[in-house]
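Colleague: I should like to learn how to read the features of a model, one at a time. May we begin with a single residue and proceed to pairs and networks?

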Amino acid sequence: TDRCEMDNSSSEFNTAVEGDTKVESEVSREAVEPLATNPNAEEVAADPYRMRCYVTGAVTVIAIVLIYVAFYFVLQSATQPLLPNDDPANCTTSEHSIRTRNHYIITNQRFGLSSDEFKVRCDPSNEGPWTLIQRRENNKTDFDVDMNEYQRGFGAIDSNFWLGLDAIHYLTANCRELKQECSLWIDMNNTAEEWTNKKVVYDHFYVSGSTDNYKISLSGRSKITTVSDEMPNGEEFSVRKSNAAATAKQFTGGWWFSSNDQDIPSSNLNGIMNSAPPTQTNYSLLFWGNTQGSIQVEMKLKCYEK
């Protein structure tokens, strides 16, 4: 500190030298004489110490700023909502999630998903918002993929996609954790056959986890349903299911196919999508009942109060 104040103490130094002339040695006199002959000598001698003071001051300021920044981030993380209470469950509780355009990013750390977060598309229509879990608008995305892909999900959220079995299980399980029911809504359009604006709605929908092979549970077919035939119920999810009773000998894509190889399901909305209906029955195609191939589909779910 005394050295840092050296540039402001030249007068005190000279006073001390003049007051001690009786006891000074010749060596000390020689050390003082250059100061008398060079008026700038004190400033020159003080410069290294002054520079050291400036550096020390700058380092101190930087250290204080870094401490404040670290304290801010620690405080922010301590005040963030902890899982699972405020974890967004679906589009219905999207006020807790991160919005990106018309989508939401849902964070999950409870049901063992391959990723801690996933993006969903929300549909506000029909007393929504509904969380989309599948969408088929054209045949540009291959749905004839393996089980790993169906577990993780694939496609583009703005176009054709399958959200993923792990994510679908998570969403339906979250409805239960919220003490709510989960509804399934399916929209279907087939303009080639003037089969438009068809819908199937179930009041109760649940998909189990991987240990139960993503078994589907459905009940409470709503009165607003406009088509016959049913979604499968109580079946496990599988891919590329061979079936001796089917004309094509094999279904494509992944679906809740019947465990009985002699049964032909009434639907497979993940089959191959054609731009036009087939001329004959082909169970490798996307189909609902007798309508095949060129169906545009949206599957979506929503939690609601019991």
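Colleague: Does Leu 163 count as buried or exposed, and at what relative accessibility?

Modeller: Please note that this is a predicted model. Burial is read from relative accessible area, and under 20% counts as buried. Leu 163 has a relative accessibility of 9%, so it counts as buried. Leu 163 belongs to the loop between strand 6 (161–162) and helix 5 (165–177). From Leu 163 to Lys 119 the C-alpha distance is 8.6 Å, with their positions 44 residues apart in sequence.

Colleague: How should a pair of aromatic rings be described?

Modeller: Such a pair is described by two quantities, the distance of the ring centres and the angle of the planes. There are 13 aromatic pairs in the structure. One of them joins Tyr 150 and Phe 154, with 5.1 Å centre to centre and 90° between the planes, an edge-to-face arrangement. Tyr 150 is buried, at a relative accessible area of 0%, and Phe 154 counts as buried at 11% relative accessibility.

Colleague: Why is the pair of Trp 255 and Trp 256 classed as it is?

Modeller: An angle over 60 degrees counts as edge-to-face. The planes of Trp 255 and Trp 256 stand at 65° and their ring centres are 5.2 Å apart, so this pair is edge-to-face. Both Trp 255 and Trp 256 are buried.

Colleague: Which residues do ring pairs link into a cluster?

Modeller: The cluster consists of Phe 143, Tyr 150, Phe 154, Trp 162, Phe 237, Trp 255 and Trp 256. Phe 143 also has a charged neighbour: Arg 136 lies over the face of its ring, 3.8 Å from the ring centre. Elsewhere, Arg 176 places its charged end over the ring of Tyr 206, at 3.6 Å from the centre.

Colleague: What can side chains of opposite charge do when their charged atoms come close?

Modeller: They can pair. The structure holds 9 salt bridges. In one of them, Arg 121 meets Asp 158 at 3.3 Å, N to O. Arg 121 is in strand 3 (residues 117–123), while Asp 158 is in the loop between strand 5 (154–155) and strand 6, so the salt bridge ties together parts 37 residues apart in sequence. Asp 158 counts as partly exposed, at 47% relative accessibility.

Colleague: With which residue does Glu 298 form a salt bridge, and how far apart are the closest N and O atoms?

Modeller: Glu 298 forms a salt bridge with Arg 135, and the closest N and O atoms are 2.8 Å apart. This pair links distant parts of the chain, since Glu 298 lies in strand 15 and Arg 135 in strand 4 (residues 130–136), 163 residues apart. Glu 298 and Arg 135 are both buried. Glu 298 also meets Lys 300 in a salt bridge of 3.5 Å, N to O, and Lys 300 is buried as well. These contacts belong to a network of salt bridges that links Asp 123, Arg 135, Glu 137, Asp 187, Glu 298 and Lys 300.

Colleague: How many bridges join strand 7 to strand 15, and in which direction do the strands run?

Modeller: Strand 7 and strand 15 (residues 296–305) are joined by 10 bridges and run antiparallel. To follow one pairing, take Met 188, whose bridge partner in strand 15 is Val 297. Strand 7 (residues 180–190) is mostly covered, with 8 of its 11 residues buried.

Colleague: Which residues make the nonpolar surface patch of about 420 Å²?

Modeller: That patch is made by Met 51, Tyr 54, Val 55 and Val 59. Val 55 is part of helix 3 (residues 41–79) and counts as partly exposed, at 46% relative accessibility.

Colleague: Finally, what is the phi of Lys 179?

Modeller: Lys 179 has a positive phi of about 60°, although it is not a glycine. Lys 179 lies in the loop between helix 5 and strand 7 and counts as exposed at 63% relative accessibility. Tyr 214, also not a glycine, has a positive phi of about 55°. Tyr 214 sits in the loop between strand 8 (195–207) and strand 9 (216–221), and it counts as buried at 1% relative accessibility.

Technical notes: Residues are numbered from 1 along each chain as its sequence is written. This is a predicted model: local features need pLDDT of at least 70, side-chain atom pairs count only at pLDDT 80 or more; totals for chains, interfaces and linings use all residues. Side-chain values use heavy atoms; hydrogens and water are left out. Rings of Phe, Tyr and Trp (its six-membered ring) pair if their centres lie within 6.5 Å; planes under 30 degrees apart count as stacked, over 60 as edge-to-face and the rest as tilted. Buried means under 20% relative accessible area, exposed over 50%, partly exposed in between (1.4 Å probe, protein chains only). A charge sits over a ring if NZ of Lys or CZ of Arg is within 6 Å of the ring centre and within 35 degrees of the ring normal. Patches are made of residues with over 30% relative accessible area and no salt bridge: like charges are joined within 9 Å, nonpolar side chains (Val, Leu, Ile, Met, Phe, Trp, Tyr) within 5 Å. Accessible areas come from the Shrake-Rupley method with a 1.4 Å probe; for residues, only the protein chains shown count as cover. A salt bridge is a side-chain nitrogen of Lys or Arg within 4 Å of a carboxyl oxygen of Asp or Glu. Helices (H or I, at least four residues) and strands (E, at least two) are DSSP runs, numbered from the N terminus. Two strands pair if DSSP finds at least two bridges between them.
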